Amino acid sequence: MSTATTSSPPPAPGADPIPGRIRAKGSPRPGTWISAVIVALLAAALLRFLVVNPVFDWTTVFTYLLDVKVIQGVGWTLLITAASMVLGTVVALTAAIMRRSSNPVLRGVSWAYIFVFRGTPVYTQLVFWGLFTVIVPKIALGVPFGPELFSFSTRDLFPALAGAIVGLGLNEGAYLAEIIRSGLNSVDRGQTEAAKALGMSDGKILRRIIVPQAMRVIIPPLGNETIGMLKTTSLVLAVPFTLDLTFATNAIANKLFTPVPLLIVAAFWYLAITSILMVGQHYLERYFGRGFDDRDTGPSAERSRQAAVTSAGTTPKDSFPEVEL
């Protein structure tokens with residue numbers, strides 16, 4: 001005996017595959033459209049103002065956007081930013097570890113450094129480092145109250161570039177020290193105790209356990225400080241260092257008597273470099289935030305999580321294994 005099965009015809013193109021389903025519609029939001037129209041009108045007015053106003057002189061902007069002096073200024077600005085952040089990070093990590101030390105002398109020295117360099121303006125510090133060769137004209141090594149063995153002039157050892165890097169790096173280190181210290185303190189103490197129970201040394205615990213986990217907390221403010229350092233390099237004229245981007249554009253503006261177009265050139269390059277730094281910060285945050293800040297909750301994320309669980313081999317192949325009672 002055979003039974004015939006009847007199948008319903010496929011739905012017509014464009015028809016609802018589930019008949020009778022309620023199709024809900026979102027409530028109208030006129031505020032969104034009104035605000036969009038207002039923003040569009042303001043943007044159009046701003047664009048017209050930028051194009052029509054002769055003060056901006058876009059011909060001069062495009063002429064000097066890739067000028068040799070400007071590009072050299074960009075290179076020197078990047079060099080000072082990178083070197084100052086490296087110096088500041090090393091000093092800050094040292095100061096943060098000293099603040100966590102059980103030695104009261106080390107804690108006091110770290111606190112005094114942070115107090116002085118964080119409590120005085122960076123411009124004042126740069127002026128001081130610019131006068132360093134006047135304050136200390138010579139460094140000598142010899143017998144106390146006796147003859148000198150050798151000496152050298154600080155003018156040969158401490159040029160303006162070194163003064164700019166040291167001044168910015170030490171100032172930045174005072175701020176980064178507190179950021180790094182808060183990041184190190186965010187790691188649970190139980191992990192340090194467990195590592196000591198396994199026989200690990202304090203240095204290895206810091207390198208292999210504490211610092212990698214603290215980077216999740218340190219990276220976001222560190223990225224902000226790097227962007228801030230990029231803009232703070234415009235103050236190195238106080239040393240004086242006269243090859244950075246701000247000085248290069250100001251020199252061209254003073255020669256042409258057109259300050260606004262060259263300010264636009266400098267702003268464009270600062271925005272371009274900042275955009276690249278923000279992209280790098282985003283990927284660093286995502287890398288060190290793995291397992292803590294997983295914001296991807298879509299189907300692809302669920303498949304990747306399930307694939308990771310399956311590849312681990314910790315679950316049985318049969319989802320419903322038989323249980324013998």
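**View 1. Helices α3 and α11 pack against each other in this predicted model.** Helix α3 covers residues 68-99, and helix α11 covers residues 245-256. Two numbers are handy here: a pair of packed helices is described by the angle between their axes and by the distance between those axes. For α3 and α11, the angle is about 160 degrees and the axes are 7 Å apart. The cut-off for roughly antiparallel is over 145 degrees, so α3 counts as roughly antiparallel to α11. Which residues of α3 and α11 meet? On the α3 side, look for K69, V70, G73, V74 and T77. Their partners in α11 are L245, A248, T249 and I252. Sort the residues of this contact by class and you get 5 nonpolar, 3 polar and 1 charged.

**View 2. Y270 sits in helix α12 and touches residues from elsewhere in the chain.** Is Y270 buried or exposed? With a relative accessible area of 13%, Y270 is buried, because the cut-off for that label is under 20%. Leaving out residues up to four places away in sequence, Y270 touches T77, L230, T233, S234, L245 and T246. Two of these names may ring a bell: T77 and L245 also take part in the meeting of α3 and α11. Y270 and T77 are 193 residues apart along the chain, yet 9.7 Å separates their C-alpha atoms.

**View 3. The largest pocket holds about 510 Å³ of space.** How do you find empty space in a model? Rolling a probe the size of a water molecule over the atoms shows where it is left. The lining of the largest pocket has 14 residues, and the closest to the pocket's centre are R100, R189, T192, K196 and I210. Which elements give two or more residues to this lining? They are α8 (160-185), α9 (189-197) and α10 (202-232). By class, the lining is made of 6 nonpolar, 2 polar and 6 charged residues.

**View 4. The peptide bond from V239 to P240 is cis.** Its omega is near 5 degrees. Keep in mind that most peptide bonds are trans. To find the spot, go to the loop between α10 and α11, which is where P240 is placed.

**View 5. D57 and F257 each have a positive phi without being a glycine.** Most residues other than glycine have a negative phi. For D57, phi is near 50 degrees, and for F257 the value is about 60 degrees. Both turn up in loops: D57 between α1 (30-52) and α2 (58-64), and F257 between α11 and α12 (259-288). How open to the surroundings are they? D57 has a relative accessible area of 28%, so D57 counts as partly exposed. F257 comes out at 73% relative accessibility, which means F257 counts as exposed.

**View 6. G108 belongs to helix α4.** This helix runs over residues 104-119. At 35% relative accessibility, G108 is partly exposed. M98 is 10 residues away from G108 along the chain, and the C-alpha atoms of the two are separated by 8.6 Å.

**View 7. Zooming back out, the chain has 13 helices and 2 strands.** There are 325 residues in the chain, and 27% of them count as buried; Y270 from View 2 is one of the buried residues. Now take the contacts in the chain with a separation of 6 or more: 71% of these involve residues 24 or more positions apart.

Key:
Residues numbered from 1 in each chain as written. Predicted model: local features only at pLDDT ≥ 70, side-chain atom pairs only at ≥ 80, totals over all residues. Heavy atoms only, no water. Axes fitted to C-alpha atoms, helices over the stretch in contact; angles between N-to-C directions. Helix = DSSP H or I, 4+ residues; strand = E, 2+ residues; numbered from the N terminus. Parallel < 35°, antiparallel > 145°, perpendicular 65-115°, else oblique. Contact = heavy atoms within 4.5 Å. Nonpolar A, V, L, I, M, F, W, Y, C, P; charged D, E, K, R; others polar. 1 Å grid on protein atoms, 1.4 Å probe; cavity = no way out; pocket = protein on both sides within 12 Å on 5 of 7 lines; lining within 4 Å. Points joined across faces, edges and corners; volume = space filled by probe spheres on them. Buried < 20%, exposed > 50% of the residue type's maximum accessible area, 1.4 Å probe, protein only.
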